[in-house]
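Colleague: Hi, I'm new to this one. Could you pull it up and walk me through it?

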Amino acid sequence: DASLNVRAGEIVGIAGVEGNGQRELVEALTGLRKSTAKAITINGTNAIGSIPHDIHEMGVGHVPEDREKDGVVGQYSIADNMVLNRFDEPEFASRGIRNRSAVNELADTLVDEYDVRTPSIQTTAQSLSGGNKQKVVIARELAANPSLLIASQPTRGVDVGSIEFIHSQIVKARDAGAGVLLVSAELDEVMGLSDRILVMYDGRIVAELNAEN
């Protein structure tokens, strides 16, 4: 019974004590969990029953709560992690053969643009610090220009400098016209970034607040 909407050009924050359905909500919206919802509509398309790859194709970027489990593949290079959600696009592969130069070119651009601190794009993701792993996830998801960005605990376990950078990228995505659903256990983060705040309790949306107030 959680009903909500996210509009283009706004950040909707989900506030509430952890364990009240936030994780399940995000997993249902991104195809990681089977949903019992009556409707999940993304850009006019019914998303119920869709797998994560299909959700991505609908224009959704997902910054998962657990970057180690769902965000990066530690044994893969940074370059390969940058195309985890786009590996089968014509730009990066043809008939199952990866276009390595295109993948590397994208990775070089994103590492520079998102200030990922690494000696090489061929370095494995598992060798990066938590903040730099998160920057890889943020870069990959935003590089696809999503119309909806779902960010769950986007700054958990990262340093102060990375927090400020990640916040600026979320706001930049909003200003570029994306809708953003922000889920965070940090109330200051929710209040500082959100245009509208929804309070979740016991699996339900129990209040809607204007961030200005």
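**Pockets and overall build**

Modeller: Sure, let's begin with the largest pocket: its lining divides into 15 nonpolar, eleven polar and six charged residues. Keep in mind that this is a predicted model.

Colleague: OK, and how much space lies in the largest pocket?

Modeller: About 930 Å³. The lining counts 32 residues, and Ala2, Leu4, Leu25, Leu29 and Ile40 are the closest to the pocket's centre.

Colleague: Which helices and strands each supply at least two residues of that lining?

Modeller: Helix H1 (22-29) does, along with strands E2 (41-42), E7 (148-152) and E8 (179-183). H1 has the largest share, with four residues.

Colleague: What about the second largest pocket, what's its volume?

Modeller: That one comes to about 420 Å³. It is lined by 19 residues, and those closest to its centre are Pro52, His62, Asp70, Asn85 and Glu141.

Colleague: And which elements supply at least two residues each there?

Modeller: Three helices and a strand: H2 (52-57), H3 (67-71) and H6 (130-143), plus strand E4 (60-63). Here H2 gives the most, four residues.

Colleague: How does the lining of the second largest pocket split by class?

Modeller: Eight of its residues are nonpolar, seven are polar and four are charged.

Colleague: Let's zoom out. How many helices and strands are in the chain?

Modeller: The chain has eight helices and ten strands. Its radius of gyration is 17 Å, close to the 17 Å that the globule rule gives for 213 residues, so the chain is as compact as a globular protein of that length.

Colleague: What does the C-alpha trace span along its principal axes?

Modeller: Roughly speaking, about 50 × 40 × 30 Å.

Colleague: And what share of the residues is buried?

Modeller: Buried residues are 48% of the 213 in the chain.

Colleague: What about contacts, what part comes from residues 24 or more positions apart?

Modeller: Taking the contacts with a separation of 6 or more, 66% are between residues 24 or more positions apart.

Colleague: Last one, the surface. How much of it is accessible, and what share belongs to carbon and sulfur atoms?

Modeller: The accessible surface of the chain is about 10,900 Å², and carbon and sulfur atoms hold 48% of that.

Colleague: Thanks. Back to the pockets for a second: which helix should I click on for each?

Modeller: Try H1 for the largest pocket, where it supplies four lining residues, and H2 for the second largest, where it also gives four.

Terms used
Residues are numbered from 1 along each chain as its sequence is written. This is a predicted model: local features need pLDDT of at least 70, side-chain atom pairs count only at pLDDT 80 or more; totals for chains, interfaces and linings use all residues. Side-chain values use heavy atoms; hydrogens and water are left out. On a 1 Å grid over the protein atoms alone, a cavity is a set of points where a 1.4 Å probe fits but cannot get out, and a pocket is an open set with protein on both sides within 12 Å along at least five of seven lines; lining residues have an atom within 4 Å of a point. Grid points are joined across faces, edges and corners, and a volume is the space filled by probe spheres set on the points. Ala, Val, Leu, Ile, Met, Phe, Trp, Tyr, Cys and Pro count as nonpolar, Asp, Glu, Lys and Arg as charged, and the others, Gly among them, as polar. The radius of gyration is taken over C-alpha atoms; the globule rule is 2.2 Å times the number of residues to the power 0.38. Buried means under 20% relative accessible area, exposed over 50%, partly exposed in between (1.4 Å probe, protein chains only). Contact means heavy atoms within 4.5 Å. Accessible areas come from the Shrake-Rupley method with a 1.4 Å probe; for residues, only the protein chains shown count as cover.
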